[in-house]
Amino acid sequence: MEEETNLLRRVVNWVTDIIVVIALACFTVYAFGSQVTVAGNSMSPLLNSGDVVLMNQLSVHLGKPDRFDVVVFQREDRKTNIKRVIGLPGETVQIINGQIFVDGVALEGPAGQKKIALAGLAENPVKLGADEYFLLGDNRDSSEDSRFSNVGNVKAEQIIGTVWFRILPALELGRIQ
């Protein structure tokens, strides 16, 4: 009888361990390992068409994207895009003479240095709501982003996650910044 109880206890422990490992694996894949394939060259030279990246979905559930984060979002037409966060909730973004201004101050850093040929909606000040972001592609001359009415300001609930790691092509494997 005691042997049967020990065997049953070991089987229950073994099954419990397997369930916990599967649950942790599913959580890890959901949170940090959702694969996204880049379509188009709007994020070039950082990301090119056909690159496969990993998205961290947990980052947007536990916090908010920061300026210059590369995010995956779903447009109103249900298409998924990858762009860089430029304007944060409550800020005003404008593009003047090819330069990005946030709240009247020229944007510094690599994402703000390249001149922009077409200001689009940002030719005039774009005031972001309390839950809105202004997103731009790194390849500003070939990007459909917040400058255009079919994308516009992106609401927080449209942002699915942040891009954090490239897995393909293998020669460019590494962290995305």
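1. Which residues of the largest nonpolar core touch the most other members? In this predicted model, they are Ile 86, Val 93, Ile 95, Ile 100, Phe 134 and Leu 136, out of 13 residues in that core. At least two core residues come from each of three strands: S5 (92-96), S6 (99-102) and S9 (132-136). A general point applies here: in soluble globular proteins, nonpolar side chains tend to be buried together.

2. Leu 136 deserves a separate look. Leaving aside residues up to four places away in sequence, Leu 136 touches Met 43, Ile 86, Ile 100 and Ile 116, and also Lys 83, Arg 84, Asp 145 and Arg 147. Two of these partners, Ile 86 and Ile 100, are also named among the core residues that touch the most other members.

3. Another core lies apart from the largest one. This other core has 12 residues, including Val 36, Val 70, Val 72 and Ile 82.

4. Leu 8 is a nonpolar residue to view separately. Leu 8 sits in helix H1, which covers residues 2-32. Its relative accessibility is 56%, so Leu 8 counts as exposed, the cut-off being over 50%. From Leu 8 to Thr 92 the C-alpha distance is 64 Å, with their positions 84 residues apart in sequence.

5. On charged pairs, the whole structure holds 7 salt bridges. In general terms, side chains of opposite charge can pair when their charged atoms come close. Three of the salt bridges are described in the points below.

6. Glu 91 and Arg 67 form a salt bridge through their side chains, with an N to O distance of 2.7 Å. Glu 91 belongs to the loop between strand S4 (80-87) and S5, while Arg 67 belongs to the loop between helix H2 (58-62) and strand S3 (70-74). The two residues are 24 apart in sequence, and the pair links distant parts of the chain. Glu 91 has 11% relative accessibility and counts as buried, because buried means under 20%. Arg 67, at 24%, counts as partly exposed.

7. Where do the partners of the salt bridge between Glu 144 and Arg 75 lie in the chain? Glu 144 is in the loop between S9 and strand S10 (154-155), and Arg 75 is in the loop between S3 and S4. They are 69 residues apart, so this pair also links distant parts of the chain. The closest N and O atoms of the pair are 3.3 Å apart. Glu 144 is partly exposed, with a relative accessible area of 37%, whereas Arg 75 is buried at 8%.

8. The salt bridge between Glu 172 and Arg 166 has an N to O distance of 3.6 Å. Glu 172 is partly exposed at 38% relative accessibility; Arg 166, at 9%, is buried. Through salt bridges that share partners, Arg 166 and Glu 172 are joined with Asp 51 in one network.

9. How many aromatic pairs does the structure hold? There is 1. A pair of aromatic rings is described by the distance of the centres and the angle of the planes. For Trp 164 and Phe 165, the ring centres are 5.3 Å apart and the planes stand at 45°, so the pair is tilted. Both rings belong to partly exposed residues: Trp 164 has a relative accessible area of 27%, and Phe 165 has 22%.

Definitions and conventions
Residues are numbered from 1 along each chain as its sequence is written. This is a predicted model: local features need pLDDT of at least 70, side-chain atom pairs count only at pLDDT 80 or more; totals for chains, interfaces and linings use all residues. Side-chain values use heavy atoms; hydrogens and water are left out. A nonpolar core is a set of buried Ala, Val, Leu, Ile, Met, Phe, Trp, Tyr and Cys residues joined through side-chain atoms within 4.5 Å. Buried means under 20% relative accessible area, exposed over 50%, partly exposed in between (1.4 Å probe, protein chains only). Helices (H or I, at least four residues) and strands (E, at least two) are DSSP runs, numbered from the N terminus. Contact means heavy atoms within 4.5 Å. Rings of Phe, Tyr and Trp (its six-membered ring) pair if their centres lie within 6.5 Å; planes under 30 degrees apart count as stacked, over 60 as edge-to-face and the rest as tilted. A salt bridge is a side-chain nitrogen of Lys or Arg within 4 Å of a carboxyl oxygen of Asp or Glu.
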